[in-house]
Amino acid sequence: MDPSLEVQRFNELPSVEDFATQIEPRNVPAVFHGCVKAWKACSCWNPSSGGLDYLQERVGSSVVEAMLSKAAPVFYGDLRRHERVPLPFTAFISICKQQMDKTTDGNHVSFVSERNEPEGSKPEERCLLSENASQQLYLAQVPIMNAENEEKVQLESLKEDIQLPAFLETKNLASINLWMNITSSRSSTHYDPHHNLLCMIAGCKKVFLWPPSASPLLYPMPLYGEASNHSSVALENPDFRIHPRAERSTEYSQKVVLYAGDALFIPEGWFHQVDSDDLTIAVNFWWPSIIMSGMSEHMDAYYVRRILRRLVDKEMNQVLQNTCAGVRERRKHTCDRINQHADKPDYELDQKGCNDDLERTNQKEGYDLHELEPDAVHALHNLVSFVHDHVNVERSQFVQSTSAHESVSNVQCEYKKCGTAGFCQLEDDPVANTLWTLEPLTLQNIFLAMILLFSAQLPKNFGGSCTALSFSSRCRSSYEEI
């Protein structure tokens with residue numbers, strides 16, 4: 001975990017200036033321990049001190065939208081595994097009271113009796129008051145305030161018990177919401193499109209956090225579908241055959257435990273998964289970040305291109321680093337073998353000797369042309385064929401000299417003349433045509449194969465050991481530059 005992404009911890013709420021200059025711009029989570037315990041809600045809503053009666057009296061029979069999970073006690077965000085059901089707030093509070101006074105019968109809990117059913121409850125409401133209701137129901141994101149849709153607000157009367165933190169007074173709040181579960185539950189891993197301040201009123205929550213950079217490990221759902229901000233990795237019994245990268249996700253996660261009176265700042269884009277104990281109550285504030293608020297719509301295409309370019313560059317650099325690490329040892333062996341071949345007398349570089357050495361090398365190093373990708377094999381075949389044909393045709397044009405120095409000079413001059421006469425433009429150069437369409441990593445693998453397999457064979461066709469030494473040196477220098 002990058003130290004700069006570690007969760008910050010404070011024992012008091014920050015000032016408006018400190019939050020605006022030191023916390024929010026960093027886009028890193030921050031915990032404020034015991035900083036909302038003075039709220040009226042923390043004392044009046046506490047279930048252990050009559051808080052459920054207070055809430056029932058305060059809200060009354062207002063109908064709220066409850067989340068009914070098909071995978072309880074896990075609550076996933078996609079519509080396939082949950083549905084939203086209307087439920088009188090008094091009915092939900094009744095289930096909470098029954099949960100507190102429950103009687104255990106084996107592994108099942110009996111919640112329903114005639115005398116406990118809310119007065120005037122409808123048949124469809126009574127069916128929710130089953131023995132599994134406490135596990136299946138969750139008041140998630142029930143609005144206390146909603147700037148975009150005031151008609152959607154269901155619990156506005158509770159706003160008086162909440163004190164807006166000073167550093168949020170200048171923010172353009174999108175919503176304030178109530179979160180309340182009956183029994184222990186788990187929310188699916190997801191991120192929010194707004195900054196989030198989660199405040200604990202009662203109970204305990206364990207929050208697991210991942211930075212946006214860990215997104216590839218969490219397999220977000222497709223952008224074009226619903227719940228696109230949720231991870232597609234199952235919380236229980238994840239299948240790492242389907243999501244192999246998810247096995248490493250714990251390396252980038254951080255855990256925060258929140259108790260009554262604590263608050264957690266979760267920046268936009270940070271993935272989080274929440275485990276809640278029995279009967280927890282929390283309130284959260286959402287507001288848009290400065291970055292998102294300042295993004296003009298006509299700039300979207302530019303921002304997308306810039307971000308994609310930065311992500312692609314980062315991915316390419318990572319791939320190159322991994323590749324270089326994988327071939328670092330092979331490079332050392334390659335250079336040693338080239339030097340060994342270059343120092344041998346001419347009679348040791350005959351064709352049979354090269355073939356025997358190549359066979360032994362392949363057996364020792366485990367190098368096989370079949371390890372190359374098809375594009376690399378095809379390109380390598382074309383290069384070898386071209387060199388073979390070109391050398392046979394032009395062999396008579398190379399002048400042999402008794403002096404090693406003159407031999408190298410004459411070969412280079414003659415070859416330069418032939419090359420200059422034969423190829424005036426890159427489009428007419430078969431070598432260029434073969435190489436310039438290849439990906440960088442494929443090109444690197446071809447050079448590596450040429451050095452490993454042909455460094456002693458091809459130079460012999462160009463006029464002896466001195467040429468071989470020159471050719472081998474150039475191969476080694478070129479490869480080391482890569």
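Two residues are taken to be in contact when heavy atoms lie within 4.5 Å. By this criterion, and leaving aside neighbours within four places in sequence, Ser249 is in contact with Trp210, Leu217 and Leu218 in the structure described here, which is a predicted model. Ser249 belongs to the loop between α7 (215-218) and β13 (254-259). With a relative accessible area of 9%, Ser249 is buried, because a residue counts as buried under 20%.

The strand that follows this loop, β13, takes part in an open sheet. This sheet has five strands in the order β4-β10-β15-β12-β13, and the pairing within it is mixed. The edges are occupied by β4 (74-75) and β13; each has a single partner strand, so one side of each is left without a neighbour in the sheet. The pairing between β13 and β12 (residues 204-210) is antiparallel and comprises six bridges. Within this pairing, Phe208 is positioned opposite Lys255 of β13.

A further set of strand pairings is centred on β8. Strand β8 spans residues 137-146 and is mostly covered, nine of its ten residues being buried. An antiparallel pairing of two bridges connects β8 with β3 (residues 63-69), and in this pairing Met67 has Tyr138 of β8 as its bridge partner. Strand β8 also pairs with β9 (residues 175-181), again in the antiparallel sense, over six bridges. Here Leu139 is found opposite Met180 of β9.

Charged side chains were examined next. Side chains of opposite charge can pair when their charged atoms come close. Across the whole structure, ten salt bridges are found. One of them joins Asp161 to Lys40, with 3.7 Å between the closest N and O atoms. Asp161 is located in the loop between β8 and β9, whereas Lys40 is located in helix α2 (residues 40-44), so the salt bridge ties together parts that are 121 residues apart in sequence. The two partners fall into separate accessibility classes: Asp161 counts as buried because its relative accessibility is 2%, while Lys40, at 43%, counts as partly exposed.

A second salt bridge is formed by Asp53 and Lys97, whose closest N and O atoms are 2.6 Å apart. This pair likewise links distant parts of the chain, with Asp53 in helix α3 (residues 51-59) and Lys97 in helix α4 (residues 89-100), 44 residues apart. Asp53 has a relative accessibility of 44% and therefore counts as partly exposed. Lys97 also counts as partly exposed, at 24% relative accessibility.

A third salt bridge brings together the side chains of Arg241 and Asp239, at an N to O distance of 3.2 Å. Arg241 counts as exposed, with a relative accessibility of 76%, whereas Asp239 is partly exposed, with a relative accessible area of 25%. Beyond these individual pairs, salt bridges with shared partners join Lys40, Arg58, Glu160 and Asp161 into one network.

Aromatic side chains were considered in a similar manner. The search of the whole structure identifies twelve aromatic pairs. In the pair formed by Phe19 and Phe167, the ring centres are 4.2 Å apart and the planes stand at 25°, so the pair is stacked. Phe19 lies in helix α1 (residues 16-23) and Phe167 in the loop between β8 and β9; the pair therefore ties together parts that are 148 residues apart in sequence. Phe19 and Phe167 are both buried.

The pair of Tyr302 and Tyr303 has another ring arrangement: the centres are 5.7 Å apart and the planes are at 55°, so this pair is tilted. Tyr302 counts as partly exposed, with 40% relative accessibility. Tyr303 is also classed as partly exposed, at 26% relative accessibility. Finally, one aromatic cluster is formed by Phe10, Phe19, Phe32, Phe167, Phe265 and Trp287.

The loop between β8 and β9 thus appears in both side-chain analyses. This loop contains Asp161, the salt-bridge partner of Lys40 in helix α2, and it also contains Phe167, the aromatic partner of Phe19 in helix α1.

How values were computed
Residues numbered from 1 in each chain as written. Predicted model: local features only at pLDDT ≥ 70, side-chain atom pairs only at ≥ 80, totals over all residues. Heavy atoms only, no water. Helix = DSSP H or I, 4+ residues; strand = E, 2+ residues; numbered from the N terminus. Buried < 20%, exposed > 50% of the residue type's maximum accessible area, 1.4 Å probe, protein only. Pairing = 2+ DSSP bridges. Salt bridge = Lys/Arg side-chain N within 4 Å of Asp/Glu carboxyl O. Phe/Tyr/Trp six-rings, centres within 6.5 Å; stacked < 30°, edge-to-face > 60°.
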